[in-house]
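Visitor: I should like to learn how the features of a two-chain model are read. Please take me through them in order.

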Amino acid sequence: METTKPLIPLTPAVFYILLALAAGERHGYQIMKQVKQDSQGQVKMGTGTLYGSLKRMLADGVIAEAGDRPDPALDDERRRYYRLTDQGRRAFEAELQRYAEVVSLATQRRYLPQPS
Amino acid sequence: MRPTRRDDAHQRATRVYRWIVRLYPAAYRRLFGEQMLQTFHDHYRDTVASRKESETRFWFGVIADEMKALPRARLVTMQETWHRWTLAASVAQDRQEAISMTMFRPRLRRYWYLYLVALLLILSVATLYGVRKESTYESTASLFVTKQTIIKNLGGTDENVFATTAQNVSDQMAQLLQSSSFLKSVAQDTSLNVNHSLDDPSPQTADLGLTPAQGAAVSRIAGNITVSANQTRNLVFITSDDKDARVAQELAGGVVTEFTKFYAKKEQVTLKSAQDALNQQLKDTQEKLTKDTQAQNDYASKYPKVKDPLAAAADPNYQTLVNQVKADLDAQTSIQSDLGQIASQLTQANAGVPYDLTPQDVATLPRQQTVKASKAMVYPLGALVGVLALLAIIAGIQTKLDRKVYSRQDIEGILDKMEWDPTAVEVMPIISTNGGRGSISWEDRENSPVPALMTPVLASLPRPARKQLRSGTTQAPRRESRAEPARSTSYIDEEP
């Protein structure tokens with residue numbers, strides 16, 4: 001049985017890529033844009049860094065290629081799309097769960113500012 | 001339609017980025033090269049082309065990102081390659097196989113011409129350097145050696161009786177050339193002694209050793225003077241070489257001058273000793289002559305009949321006495337003659353001119369440089385040895401590292417992780433070598449009955465099984481069958 005344990009905790013780059021792909025299949029530039037948007041510009045990922053991360057994630061089996069097709073929003077050039085695998089989704093959920101536990105713990109200990 | 005300036009900039013940016021992508025490892029480029037270009041193209045169009053960001057800012061971000069990503073990609077690829085090597089070597093297990101699994105040998109085989117060109121280049125550079133460094137001017141002088149018959153007969157020399165006179169002189173000279181004080185004297189006779197810089201400043205300093213200038217001059221000429229003897233013609237040749245033609249000429253002449261002085265002094269001692277010995281012999285002979293003459297006279301007084309020549313000739317005792325006196329007189333004459341000769345030689349030696357040595361050929365000014373082939377060859381040979389040693393070290397290190405053996409569990413784990421199925425070679429990244437075994441190469445894998453990637457595994461199988469697999473008469477080994485005794489024990493060492 002496959003386990004997601006060794007992948008947790010995820011690096012910020014991997015986490016935001018998984019977050020971007022959680023909504024659906026995306027190609028490289030879409031992932032870049034989504035990561036920047038989701039992290040509110042805190043995680044900036046260039047082309048080199050993006051594909052370095054994608055390579056590791058493909059090897060770890062958390063993402064997979066979803067084939068080539070044109071991006072309707074850009075032009076008719078074909079792009080390679082990526083998707084989450086089951087293992088990737090489990091890793092993503094496990095990481096979210098970990099974040100939730102951390103937030104819950106911080107709330108219990110009143111580390112987080114109370115909503116006014 | 002004419003392309004706009006913006007289109008030109010876009011194309012130029014894509015060209016620049018294509019060059020950056022070329023810096024990535026080949027395997028990496030095959031996987032992501034086109035995608036990276038497409039993503040860059042999208043990024044550029046969405047930021048610079050749509051004026052959301054300045055071109056300078058865009059490129060600053062790209063370069064900063066590539067400076068992080070590129071070394072990481074290289075490192076990761078190296079690690080992966082290394083991992084494949086170690087795994088292949090572990091699977092192959094056998095030492096020869098392990099060596100062939102390294103990247104070095106397959107690369108050497110595939111790119112042999114590049115290695116050959118590099119080797120030839122290194123050898124050419126080393127040869128040129130050697131030729132340039134060992135090209136010197138060479139000058140030769142010679143000395144004629146006469147035979148020291150008288151002294152030799154008297155046993156007054158310490159020379160090797162089994163060697164010719166010229167050989168003895170040559171040996172003495174070679175021994176002297178090992179002495180730094182002799183070399184200093186030679187250097188003082190040459191133009192190296194600029195402004196008398198090599199002259200001894202004071203007796204105290206000379207006793208303590210060489211001055212820095214003298215030391216430098218001695219270092220320059222040490223080993224550059226060779227001596228040889230011509231056995232049949234009693235000639236001794238002095239050959240000197242130097243970067244400066246004039247110095248080369250002066251060195252050979254200097255050696256002749258200094259050795260002649262040295263030899264004259266030596267002859268003085270030898271001749272004086274011989275003279276003393278001859279004087280003693282003369283004295284002894286004269287005493288004997290007096291004694292023998294007295295004995296003859298006494299006999300004649302006792303037997304007056306011997307005054308008659310006929311009677312004297314008939315008396316054997318008297319004849320013996322007469323012969324004895326005659327022999328004494330002959331010996332006296334001979335010794336006196338030798339003494340005269342030695343006195344003459346001694347006079348010559350005292351004047352600093354050795355009796356037994358005569359300069360034959362004077363050193364001439366060399367016109368052309370000479371390459372010392374034996375010395376010049378040392379450089380390319382050294383380079384060759386160096387290159388081979390380096391290759392051996394690389395191969396040795398790789399082999400040693402590749403021989404790091406995984407335990408059975410390790411290999412099982414790695415193969416599991418790889419989802420290895422020998423029939424689906426595309427997903428078995430054990431090794432990406434060409435011809436890990438025999439003539440099977442990466443390019444030929446499609447046409448080969450046995451995929452190249454399986455070579456390390458095949459190598460570990462018993463020979464008949466390999467044959468069968470190569471000929472395609474049996475199926476490739478499946479992962480499940482690795483537990484079969486014939487194979488499982490042959491390619492994995494159980495670590496304790």
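Guide: The dialogue below treats the chain contact, helix packing, burial and backbone angles in turn.

Guide: This is a predicted model, in which local features need pLDDT of at least 70, side-chain atom pairs count only at pLDDT 80 or more, and totals for chains, interfaces and linings use all residues. Residues are numbered from 1 along each chain as its sequence is written, while chains are lettered from A and ligands numbered from 1 in the order in which they are written.

Visitor: How many residues does the contact take from chain A and from chain B?

Guide: Two residues are in contact if their C-beta atoms, placed from the backbone, lie within 7 Å. Here chain A supplies 15 residues and chain B supplies 18 residues. Helices (H or I, at least four residues) and strands (E, at least two) are DSSP runs, numbered from the N terminus. On the side of chain A that touches chain B, the elements giving two or more residues are helix 2 (28–38), helix 3 (47–60) and strand 3 (78–84) of chain A. Helix 3 of chain A gives the most, with seven residues.

Visitor: How is that side of chain A divided by class?

Guide: Ala, Val, Leu, Ile, Met, Phe, Trp, Tyr, Cys and Pro count as nonpolar, Asp, Glu, Lys and Arg as charged, and the others, Gly among them, as polar. The side of chain A that touches chain B has five nonpolar, six polar and four charged residues.

Visitor: At what angle do the axes of helix 1 and helix 4 of chain A cross?

Guide: Axes are lines fitted to C-alpha atoms, for helices over the stretch in contact, and angles run from 0 to 180 degrees between N-to-C directions. The axes of helix 1 (residues 12–22) and helix 4 (residues 86–108) of chain A cross at roughly 115 degrees and come within 10 Å. These two helices of chain A are therefore roughly perpendicular to each other, a term for angles of 65 to 115 degrees. In this contact, A:Phe15, A:Leu18 and A:Ala22 of helix 1 meet A:Gly88, A:Ala91, A:Phe92 and A:Glu95 of helix 4.

Visitor: Which residues make the contact of helix 1 with helix 2 of chain A?

Guide: The axes of helix 1 and helix 2 of chain A cross at roughly 110 degrees and come within 9 Å, which makes helix 1 roughly perpendicular to helix 2. Helix 1 contributes A:Tyr16, A:Ile17, A:Leu19 and A:Ala20, and helix 2 contributes A:Ile31, A:Gln34, A:Val35 and A:Asp38. By class, this contact has six nonpolar, one polar and one charged residues.

Visitor: Is B:Phe259 buried or exposed?

Guide: A residue is buried if 20 or more other C-beta atoms lie within 10 Å of its own, exposed if 12 or fewer, and partly exposed in between. B:Phe259 counts as buried because it has 24 C-beta neighbours inside 10 Å. B:Phe259 is found in helix 12 of chain B, and its contacts beyond four places in sequence are B:Met173 and B:Leu176. B:Met173 is itself one of the buried residues of helix 8 of chain B.

Visitor: What is phi near in A:Gln40 and in A:Arg110?

Guide: Most residues other than glycine have a negative phi. Phi of A:Gln40 is near 55 degrees, a positive value, and that of A:Arg110 is near 60 degrees, also positive. A:Gln40 is placed in the loop between helix 2 and helix 3 of chain A, and A:Arg110 in the segment after helix 4 of chain A. A:Gln40 counts as exposed with 7 C-beta neighbours inside 10 Å, and A:Arg110 is exposed with 8 other C-beta atoms within 10 Å.

Methods. Parallel < 35°, antiparallel > 145°, perpendicular 65-115°, else oblique.
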